[in-house]
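Please look over the model shown below, and keep it in view while reading the paragraphs that follow.

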Amino acid sequence: MRRITFLLITCSTFLLLSSRGAFADKTLLRELMEKKEVTLADGCRAIYYFSGGDENEKDIDSIVARLLEMEYIEKSCREKLDERLRRGQFAYMLCKALDIKGGLTMRIIGTRERYALREVIFLGLMPDVNKAKYVNGMEVLGVLSRAEDYRSKKGKYRRVRGGAL
């Protein structure tokens, strides 16, 4: 049942993101759907396009430079583009892109991967069912779909315990 629900969410994500113009270049969506191992470069491209970046921009170095300028990623990410994307890294980028302030700890210490992950799970943007350290392409698409919903309902989004919607 969970797999069917996940498949339906992913297919609707593909249609939703491609129809709203968040991803005019649908090749990234297709690539993410097929990937079992998403790299940090893939995650950077996804967040860049999600946050309104130029879809014609294909050069990963300029995308990373723009994300660094917007403070969506940390400086150490520039050397790690070929590594697999961790859940905490993706949550960090998502919190920055959606301007999620977080709870007391995030407000005092600042956005860190650990607390960003806890916050996006608390908001229901990322499921808490997967204990894996890394994300796959389908999970990235599912999270981006929920993030698009969150962005459209900013301030009215329902916080859910356990990360389930």
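**How the helices meet**

Helix 5 crosses helix 8 in a right-handed manner, where right-handed means that the near helix is turned clockwise from the far one by less than a right angle, and left-handed means anticlockwise. This is a predicted model, in which local features need pLDDT of at least 70 and side-chain atom pairs count only at pLDDT 80 or more, while totals for chains, interfaces and linings use all residues. Residues are numbered from 1 along each chain as its sequence is written, and side-chain values use heavy atoms, with hydrogens and water left out.

The chain as a whole contains 8 helices and 0 strands, so the order of its elements from the N terminus reads α-α-α-α-α-α-α-α; here helices are DSSP runs of H or I with at least four residues, strands are runs of E with at least two, and both are numbered from the N terminus.

Returning to the pair named at the start, helix 5 covers residues 87–98 and helix 8 covers residues 137–152, and they pack at an angle of about 20° with their axes 12 Å apart. The axes are lines fitted to C-alpha atoms, for helices over the stretch in contact, and the angles between N-to-C directions run from 0 to 180 degrees. Helix 5 is therefore roughly parallel to helix 8, because angles under 35 degrees count as roughly parallel, over 145 as roughly antiparallel, 65 to 115 as roughly perpendicular and the rest as oblique. Arg87, Phe90, Leu94 and Leu98 of helix 5 are in contact (heavy atoms within 4.5 Å) with residues of helix 8 that include Val140, Val143, Leu144 and Tyr150. Sorted by class, this contact of helix 5 with helix 8 holds 8 nonpolar, no polar and 3 charged residues, where Ala, Val, Leu, Ile, Met, Phe, Trp, Tyr, Cys and Pro count as nonpolar, Asp, Glu, Lys and Arg as charged, and the others, Gly among them, as polar.

Helix 5 also meets helix 3 (residues 40–50), and the axes of these two come within 11 Å and cross at roughly 15°. Helix 3 and helix 5 are therefore roughly parallel to each other, and their crossing is right-handed. On the side of helix 3 the contact is made by Leu40, Gly43, Cys44, Ile47 and Phe50, and on the side of helix 5 by Gln89, Phe90, Met93, Leu94, Ala97 and Leu98. The contact of helix 3 with helix 5 divides into 9 nonpolar, 2 polar and no charged residues.

Is tyrosine 92, which lies in helix 5, buried or exposed? Tyrosine 92 is buried, because its relative accessible area is 10%, and buried means under 20%, exposed over 50% and partly exposed in between, with a 1.4 Å probe and protein chains only. Leaving aside residues up to four places away in sequence, tyrosine 92 touches several residues, among them Tyr72, Ile73, Arg112 and Ala116. Tyrosine 92 and isoleucine 73 are 19 residues apart along the chain, and their C-alpha atoms are separated by 7.5 Å.

In helix 7 (residues 113–123), Ala116, Leu117, Glu119, Val120, Ile121 and Leu123 are buried, and the buried residues of this helix pack against helix 5, helix 6 and helix 8. Just after helix 7, glycine 124 takes a positive phi of about 85°. Of the 165 residues of the chain, 47% count as buried.
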